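I opened this notebook page to record what I looked up around one residue and the ligand beside it. The entries follow the order in which I checked things.

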Amino acid sequence: MDMRLLKHFLALAESLHFGRASNACHVSPSTLSRSIRQLEETLGVVLFERDNRHVVMTPHGITFLAYAREALEQWEQLRLSLQSEAQRLTGEISVYCSVTASYSFLYALLSKFRTHHPGIELKLHTGDPAEAMARVLAGEEDMAITPRPRRTPEALAFKSLTRAPLVFIAPQASAAWIPATPESPSADQWREVPMILSEAGLSREFADTWFKALGVTPQIYAQVAGHEAIVSMVGLGFGIGVVPKIVLDNSPLQERVRVLAVKPELPHYDVGLCVLERRLKSPLIRALWDEVQAR
Ligand SMILES: CC(=O)[C@](C)(O)C(=O)O
C-alpha cells in the first residue's frame, strides 16, 4: 500500500510551501506537485489554491486534511500491529517542547529509548510551551512537554516530569522601579514596574492573578513568546519578568538577573509530557510513553 500521496498532501498542508514540503518528504518539488495534482484529479476538487508566491488550503483541502491525518494514523497502527512482536518497531514520533525542556528532560527521556528502539526516529520541534497542548490536540505533534493545565482536556493523557516554581526576576543592575521590599509588596511599589511576561500560557495567567490580588494592573513593557527571551530582556535591564525557575537555571544569562523573594509566591506548576489518549493505541507512541517515568 502506498501512502505517499497522503504524506505529500500532509506535508504541504502543514508548511503551505512547496519547497519546504518537498524537502520534508525527500522528493523534488515537481514530484510533490504531481502528487497533489493526482489527488485533486482523483477527488475531483481543488485542495490548494496556488500561484507563484502563495499556497492556500481550500475548504475542501481542510476537510481532506482531517481525513488524511486519521487515515495515516490508522494505517500506521495497523502496519505496526501486523508486525510480529519479534520484529523491531520502526517509524517516526514527533515531540514538541521548549528549548529549556529540551535541555532539561530530553536526555533522561530519550537516551534509553533510543537504545531500546533504534528503529524509531524522533523528530524534535522547539517553541513556545504555551502552544504545546494545542499542537498535540490538533494532531500536529505526537507528544509535547507542557505545563499541566488547570484542567487537563479529556482527550489527553499527562505524565508529570517535574514541579517548576515560577519566580520573579529582576536585573542585577539597580533601577529605581525595582521594589525595595518584595517580601511585602504594595500596590504603590508595583504599579509602575515595567513587566516582561509571556504573551500566553499558564505562567502569564498566574502572573495576571498575582497582580489582580494586589489590585494592580501591570505595566506590560514587553510580551514574549516562550520564557527564554524573558531572561534576556530582564538581563538587559528592561523590567521585571516572571519565568519558571528551570528556565532561569538553564539560561546562559542567569548571572545578569536575580530572583526577587516576592511574597506571596507564585504557584508552582507541573511540567510534564502529554499525548492524545487515543494515540496510545499506536505501539510506537505506547513504547515511548511507557518508557517515561512519571515523577
Ligand atoms: C513548560 C516548559 O516547558 C518549561 C520548561 O517550563 C518552559 O520552557 O517554560
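My entries below go from the residue to the ligand site.

**Entry 1, the model.** I note before anything else that this is a predicted model, and I read every distance below as a computed value.

**Entry 2, Ile246.** I located Ile246 in helix 11, which covers residues 245–249. I then asked whether Ile246 is buried or exposed. With a relative accessible area of 18%, Ile246 counts as buried, because the cut-off for that class is under 20%.

**Entry 3, contacts across the chain.** Setting aside neighbours within four places in sequence, I listed Thr100, Ser104, Phe105, Thr162 and Ala164 as the residues in contact with Ile246. For Thr162, which is 84 residues away from Ile246 along the chain, I found a C-alpha separation of 9.6 Å.

**Entry 4, the ligand shell.** Which residues surround the ligand? I recorded Ser98, Thr100, Ala101, Pro129, Pro147, His227, Pro244, Ile246, Val247, Tyr269 and Val271. Helix 5 (99–104), helix 11 and strand 11 (268–276) each contribute at least two residues to this shell. Thr100 therefore appears in my notes twice, since Thr100 is in contact with Ile246, where contact means heavy atoms within 4.5 Å, and Thr100 is also listed around the ligand.

**Entry 5, polar atoms at the ligand.** I found an N or O atom of the His227 side chain 2.5 Å from a ligand oxygen, and one of the Ser98 side chain 2.6 Å from a ligand oxygen. For Tyr269, a polar side-chain atom lies 3.2 Å from an oxygen of the ligand. The ligand taken alone exposes 270 Å², and the protein buries 100% of that area.

**Entry 6, the cavity.** Finally, I placed the ligand in the largest cavity.

Definitions and conventions: Residues numbered from 1 in each chain as written. Predicted model: local features only at pLDDT ≥ 70, side-chain atom pairs only at ≥ 80, totals over all residues. Heavy atoms only, no water. Helix = DSSP H or I, 4+ residues; strand = E, 2+ residues; numbered from the N terminus. Buried < 20%, exposed > 50% of the residue type's maximum accessible area, 1.4 Å probe, protein only. Near = heavy atom within 4 Å. Polar contact = N/O pair within 3.5 Å; in protein donor to acceptor, adjacent residues only side chain to side chain. Areas by Shrake-Rupley, 256 points an atom, 1.4 Å probe, with all protein chains shown as cover. 1 Å grid on protein atoms, 1.4 Å probe; cavity = no way out; pocket = protein on both sides within 12 Å on 5 of 7 lines; lining within 4 Å. Sits in = over half its atoms within 2 Å of the grid points.
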